[in-house]
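Visitor: I have a structure open here and would like to talk it through with you. Could we take the sheet to begin with, and then some of the side chains?

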Amino acid sequence: EDAGLLAKAGHPNPVVMPHGVIPIPEDDIRPDPSDFTIGSFGFLTRHKNIDVLVQAFARARGFEPRLRLKLLNCMLPNDESREARVVIENLFSHFNLHDVASARFDFVEQDELARELAQSDLLAFLYGPSNEPARGAARIAMSADRRLLCSRSTVLRDMWPISHVVRSVDIDCVAEAIISLAQNPVLLGLRDPDRRQAVQWNSYPRVAARHAALIEQMLDQKHDNRRAA
């Protein structure tokens, strides 16, 4: 859509280049098989609906006690992010989740983040409407080789073919999806081949090669135009 808008505005040759993915090296860190851990991470903003995830998790635990929740959402220095943190902490207390859920609001370095993500069975991104075009957190999730649960937000559109997608960001709907995925291993792994293939297609070496080919093509065209002139 952005490329289309650029073309309508008069740009002669808009090109869409994918966000690169760096696969996280495999190691011995795996989710605890006796639990089913749902993770989420990224900067703590209102449109990411972390509060909805917490409430859906609390509801789903009434049907699936193996569920655990791990939040790694870095709080930003603004009122919106601080308010979101207060809401999450109050929900933890309201639903008495401190023994089965954890939340970190500091910035987690990449190596530590990789270890934390490796301990999750499912990574959830329940984004709502937003003008934010970036989806770096979802791309990092792809690299972690963990199952994804996404909303229908257009920000996540390119993630839909490789993710489980909820019908709506509604507490009951999200809780139902969590229960279904936790209790059905076949359903949980349904998107594994497509997701792993997408990681290969969008690996940084391949994205870099596309950039290089595009630059060479543009230089060749510029050279040809000069010769023709």
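Guide: What follows is a short conversation about this structure, which is a predicted model.

Visitor: In what order do the strands of the sheet run?

Guide: The sheet is an open one of six strands, and their order is β3-β2-β1-β4-β5-β6, with parallel pairing.

Visitor: Which strands stand at the edges?

Guide: Those are β3, residues 101–104, and β6, residues 164–165; each has a single partner strand, so one side of each is left without a neighbour in the sheet.

Visitor: How many bridges are there between β2 and β3?

Guide: Strand β2, which covers residues 67–75, pairs with β3 in the parallel sense over four bridges, and Leu71 stands opposite Ala103 of β3.

Visitor: And which strands does helix α3 lie across?

Guide: Helix α3, residues 79–94, lies across β1 (36–44), β2 and β3, and its direction makes an angle of about 160° with β2.

Visitor: Changing topic, where is Ser120?

Guide: Ser120 is found in the loop between α4, residues 110–118, and β4, residues 122–125.

Visitor: Is that serine buried or exposed?

Guide: Ser120 has a relative accessible area of 1%, and because the cut-off for buried is under 20%, Ser120 counts as buried.

Visitor: Which residues does Ser120 touch?

Guide: Leaving aside residues up to four places away in sequence, Ser120 touches Pro31, Thr37, Gly39, Lys70 and Arg146.

Visitor: Now the aromatics: how many pairs are there?

Guide: The count comes to two aromatic pairs, going by the distance between ring centres, which must lie within 6.5 Å. In the pair of Phe41 and Phe125, the ring centres are 5.6 Å apart and the planes stand at 75°, so this pair is edge-to-face.

Visitor: Where in the fold do those two sit?

Guide: Phe41 belongs to strand β1 and Phe125 to strand β4, so the pair ties together parts that are 84 residues apart in sequence. Phe41 is buried at a relative accessible area of 4%, and Phe125 is likewise buried, at 1% relative accessibility.

Visitor: What about the rings of Phe125 and Tyr127?

Guide: Their centres lie 6.1 Å apart with the planes at 85°, so the pair of Phe125 and Tyr127 is edge-to-face. Both of these residues, Phe125 and Tyr127, are buried.

Visitor: Which residues make up the aromatic cluster, then?

Guide: Phe41, Phe125 and Tyr127 together form one aromatic cluster, and Phe125 takes part both in the pair with Phe41 and in the pair with Tyr127.

Terms used: Residues are numbered from 1 along each chain as its sequence is written. This is a predicted model: local features need pLDDT of at least 70, side-chain atom pairs count only at pLDDT 80 or more; totals for chains, interfaces and linings use all residues. Side-chain values use heavy atoms; hydrogens and water are left out. Two strands pair if DSSP finds at least two bridges between them. Helices (H or I, at least four residues) and strands (E, at least two) are DSSP runs, numbered from the N terminus. Contact means heavy atoms within 4.5 Å. Axes are lines fitted to C-alpha atoms, for helices over the stretch in contact, and angles run from 0 to 180 degrees between N-to-C directions. Buried means under 20% relative accessible area, exposed over 50%, partly exposed in between (1.4 Å probe, protein chains only). Rings of Phe, Tyr and Trp (its six-membered ring) pair if their centres lie within 6.5 Å; planes under 30 degrees apart count as stacked, over 60 as edge-to-face and the rest as tilted.
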